[in-house]
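Q: Please pick one residue on a loop and look at it closely. Then work outward from there, one step at a time. What does each part touch, and how far is it covered?

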Amino acid sequence: MKRFGHYAEAMRRWIALFAILVLFFAACGNDDTTEDDPPEATSAPEESTPAPTPAPADDSPVVDEPDEEEPTPAPVEEPAPAPDEEPTPIPDSTADPIDRPEPIDLSKPAFDSSDKLSTVGLGSLYFGMGPDQAAEAVQTLWTGGQEDGTPRCYLLAPANGPEGVVFTVYNSSIERVDITNPGITTRSGASVGSTEAQLHELFGAQLLVTPYADGSGNSIQFVPVDEADVDYRVIWETDGTSVTSMRAGRLPAVGPGEPCT
């Protein structure tokens, strides 16, 4: 038993020595590796890549683009207006409204006792006015016209009267009025029905008396003395005693006994 103990002790020493040798050689092997092999590169710690910022949302509607570009059509040229034609003006909505004439009231006569006859006209109608101008002045519409005469001379009468008042249009203007209505008087008061004696009392030396050839009456003219009125006349026709008709106007239209003769 004592010998076995010495043997075991010796084995433990050899094992310890062997372990020391193994550790020694292992250490030497590590040094050779360190000299021969380059050290491995130590990788730097990776930096965290920042997350991409999301693009703002586009709320505009998506427009489908055409696959192919279509050619732009050539502009159509409109023909220019002729030099003598002016373009129609565009109405201006801000302009003043157009004054439209009031409808003519034909319920009352165009002339009454307040309208006086003179060498220059009747009431507000003056010799030399055109038919349209005269109708506007006295508020009337005309009856008659060129169909009852000629383009140079024809007769017109107020549609709303009174009866016995007829105008003569001579060379496009009113130049004469014939009156048989006793309600119309001159400024001095002479009218159909007045006597020749009354006419002489009113006008005296300014009257020119011309007897009819058959002796049935007289044509009596009032002749103005003013140079501006030398072509104007008021003429009364009588039966030798009283006035049967009267007329006024400018020469030559007022001269004949019948208009347009």
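A: Start with the contacts of Arg 187. Leaving out residues up to four places away in sequence, Arg 187 touches Lys 116, Leu 117, Ser 118 and Val 120. These contacts belong to a predicted model. Ser 118 shows how the chain folds back here. It is 69 residues from Arg 187 along the chain, yet their C-alpha atoms are separated by 6.5 Å.

Where does Arg 187 sit? It is in the loop between strand S7 (173–179) and helix H3 (196–203). Is Arg 187 buried or exposed? Its relative accessibility is 65%, so Arg 187 counts as exposed; the cut-off is over 50%.

Now move to Trp 236. This residue is placed in strand S10 (residues 232–238). Its relative accessibility is 1%, so Trp 236 counts as buried; the limit for that is under 20%. Its contact list, again without neighbours within four places in sequence, draws on several parts of the chain. Thr 186 and Ala 190 are among the residues it contacts. Leu 199, Phe 203 and Leu 207 are also on the list. So are Asn 218, Ser 219, Ile 220 and Phe 222. Val 243, Ser 245 and Met 246 complete it. Take Leu 199 from that list. It is 37 residues from Trp 236 in sequence, and 9.1 Å lie between the two C-alpha atoms.

Asn 218 is the next step, since Trp 236 is in contact with it. Asn 218 is found in strand S9 (residues 218–222). It counts as buried because its relative accessibility is 15%. What does its side chain do? It makes a polar contact with the side chain of Glu 196, at 2.9 Å. Beyond four places in sequence, Asn 218 also touches Val 209, Thr 210, Pro 211 and Tyr 212. Trp 236, Glu 237, Thr 238 and Gly 240 are on its list too.

Some of these names return in the largest pocket. Glu 237 is one of its lining residues, and Glu 237 touches Asn 218. Ser 245 and Met 246 line the pocket as well, and both are in contact with Trp 236. The rest of the lining consists of Gly 164, Val 166, Asp 178, Ile 179, Thr 180, Arg 247, Gly 257, Glu 258 and Pro 259. The pocket holds about 160 Å³ of space. S7 and strand S11 (243–250) each supply at least two lining residues. S11 gives the most, with 3. The lining divides into 4 nonpolar, 4 polar and 4 charged residues.

Next, look at some backbone details. The peptide bond from Gly 161 to Pro 162 is cis, with omega near 10°. Pro 162 lies in the loop between strand S5 (153–158) and strand S6 (165–170). The bond from Leu 251 to Pro 252 is also cis, with omega near 5°. Pro 252 is in the segment after S11.

Two residues other than glycine have a positive phi. In Gln 139, phi is near 55°. Gln 139 lies in the loop between helix H2 (131–138) and strand S4 (142–145). Its relative accessible area is 37%, so Gln 139 is partly exposed. In Asn 171, phi is near 55° as well. Asn 171 sits in the loop between S6 and S7. At 45% relative accessible area, Asn 171 is therefore partly exposed.

Finally, step back to the protein as a whole. It has 3 helices and 11 strands. From the N terminus on, their order is α-β-β-β-α-β-β-β-β-α-β-β-β-β. Of its 261 residues, 27% are buried. Consider contacts between residues at least 6 apart in sequence: 44% of them join residues at least 24 apart.

How confident is the prediction? The average pLDDT is 81, and 67% of the residues score at least 70. Residues 32–39 stay under 50 and have 0 contacts beyond four places in sequence. Residues 41–45 also stay under 50, again with 0 such contacts. Where pLDDT is low, the predicted coordinates should not be read in detail.

Key. Residues numbered from 1 in each chain as written. Predicted model: local features only at pLDDT ≥ 70, side-chain atom pairs only at ≥ 80, totals over all residues. Heavy atoms only, no water. Helix = DSSP H or I, 4+ residues; strand = E, 2+ residues; numbered from the N terminus. Buried < 20%, exposed > 50% of the residue type's maximum accessible area, 1.4 Å probe, protein only. Contact = heavy atoms within 4.5 Å. 1 Å grid on protein atoms, 1.4 Å probe; cavity = no way out; pocket = protein on both sides within 12 Å on 5 of 7 lines; lining within 4 Å. Points joined across faces, edges and corners; volume = space filled by probe spheres on them. Nonpolar A, V, L, I, M, F, W, Y, C, P; charged D, E, K, R; others polar. pLDDT = per-residue confidence, 0-100. Polar contact = N/O pair within 3.5 Å; in protein donor to acceptor, adjacent residues only side chain to side chain.
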